[in-house]
Amino acid sequence: MPMEHVDGEDKGKIVLFALSTCQWCRKTRLLLEELKVDFNYIYVDLLEGEERSEIIEEVKKYNPQLSFPTLVLDDGDVIVGFNEEGIREALT
Amino acid sequence: MSQADDARVDEFYERLKEQVEEAGYHLNSDVEFTKALLESILVNEDRYGYGACPCRLASGIKEEDLDIICPCYYRDPDLEEYDACYCGLYVSGDILSGKKQLTAIPERRPAPDERIVRSEDETETLGLESISNLPLPVWRCGVCGYLCAREGPPEICPICKVSKERFERFI
Ligand code: SF4
């Protein structure tokens, strides 16, 4: 899976499903960088074929509406959208 | 972004700003944010052949994405309820004047399994039985709600300037 990795403090497995064209996704990624946590992210709009379908099914499991950004935290909590307060609370 | 792209985005911004202001809408006054979104719409135009919403996952199939070509069908309800469109490209007068703050808002587009893609045949016959004595069918612009009674929808919506395919048979 072509996940991009960003080094930081280990807060468990954090995965950000995002779109490369979306400004709220960008703000979410920058916030995670600002919080200096270790995380992976993937731009779903840049995927093709089977890889794309697989990731779409995975995102739908966490967020049936298939909207972005979808942030999945280690404890299984899912934060949908650029919810700055929610993300700060969960990760600091 | 290359210089050529910069010029293309600037030109798009100027043109759109003038057009939407004239129609009573406002672009986000955070020019950097707004231009980044416009650049993404151009990226999508090149990628899919239509300017899909930058904050939504396009399918690449235009018929399935008619609701999310910018400006999308959800812009006006979102402006009404949340003072901004989903991406934050369009904002209300209250946000423009600083009376309200722009925040991310929930997604209004139905989940993939709940979407209805209307075929052309269905659009043709929709509502025919209910008011069959009208001399002409009535067409509705999916973006701004403009209604017109004529044989077919206009090439371009006279109000919001979207193309013919965004119209649906209303009556
Ligand atoms: S109006 Fe806003 S939410 Fe709708 S497609 Fe355009 S940028 Fe996206």
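Colleague: Which side chains meet in a salt bridge with A:Asp45?

Modeller: In this predicted model, the partner of A:Asp45 is B:Arg47, with 3.0 Å from N to O. Between chain B and chain A the count is 2 salt bridges, and 9 residue pairs are in polar contact there.

Colleague: How is the size of an interface often given?

Modeller: Often as the accessible area lost when the parts come together. Here, about 1700 Å² is buried between chain B and chain A, and carbon and sulfur atoms give 59% of that area. On the contact side, 19 residues of chain A touch 27 residues of chain B.

Colleague: Let's look at one residue. Where is A:Arg52 placed, and is A:Arg52 in a salt bridge or without one?

Modeller: A:Arg52 sits in helix H2 of chain A, residues 49-62. It is buried and has no salt bridge, because the nearest side chain of opposite charge, B:Asp65, is 7.2 Å away, whereas a salt bridge needs the atoms within 4 Å. Setting aside close sequence neighbours (within four places), the contacts of A:Arg52 include A:Val44 and A:Asp45 from chain A, and B:Leu57, B:Ala58 and B:Ser59 from chain B.

Colleague: Which residues have the most contacts inside the largest nonpolar core?

Modeller: They are A:Phe17, A:Val44, A:Phe68 and B:Tyr90, in a core of 56 residues. Elements that each supply at least two residues of this core include strand S2 (15-18) and H2 of chain A, as well as helix H1 (3-22) of chain B. Apart from it lies another core, of 9 residues, with B:Tyr73 and B:Phe167 among them.

Colleague: And what is B:Tyr90 in contact with?

Modeller: Beyond its neighbours within four places in sequence, B:Tyr90 has contacts including B:Leu16, B:Val20, B:Pro71 and B:Leu79.

Technical notes
Residues are numbered from 1 along each chain as its sequence is written. Chains are lettered from A and ligands numbered from 1 in the order in which they are written. This is a predicted model: local features need pLDDT of at least 70, side-chain atom pairs count only at pLDDT 80 or more; totals for chains, interfaces and linings use all residues. Side-chain values use heavy atoms; hydrogens and water are left out. Helices (H or I, at least four residues) and strands (E, at least two) are DSSP runs, numbered from the N terminus. Buried means under 20% relative accessible area, exposed over 50%, partly exposed in between (1.4 Å probe, protein chains only). Lys and Arg count as positive and Asp and Glu as negative; His and the chain ends are not counted. Contact means heavy atoms within 4.5 Å. A nonpolar core is a set of buried Ala, Val, Leu, Ile, Met, Phe, Trp, Tyr and Cys residues joined through side-chain atoms within 4.5 Å. Buried area is the accessible area (1.4 Å probe) that two parts lose on being put together, summed over both. A polar contact is a pair of N or O atoms within 3.5 Å; within protein, one must be able to donate a hydrogen and the other to accept it, and residues adjacent in sequence count only if both atoms are side-chain atoms.
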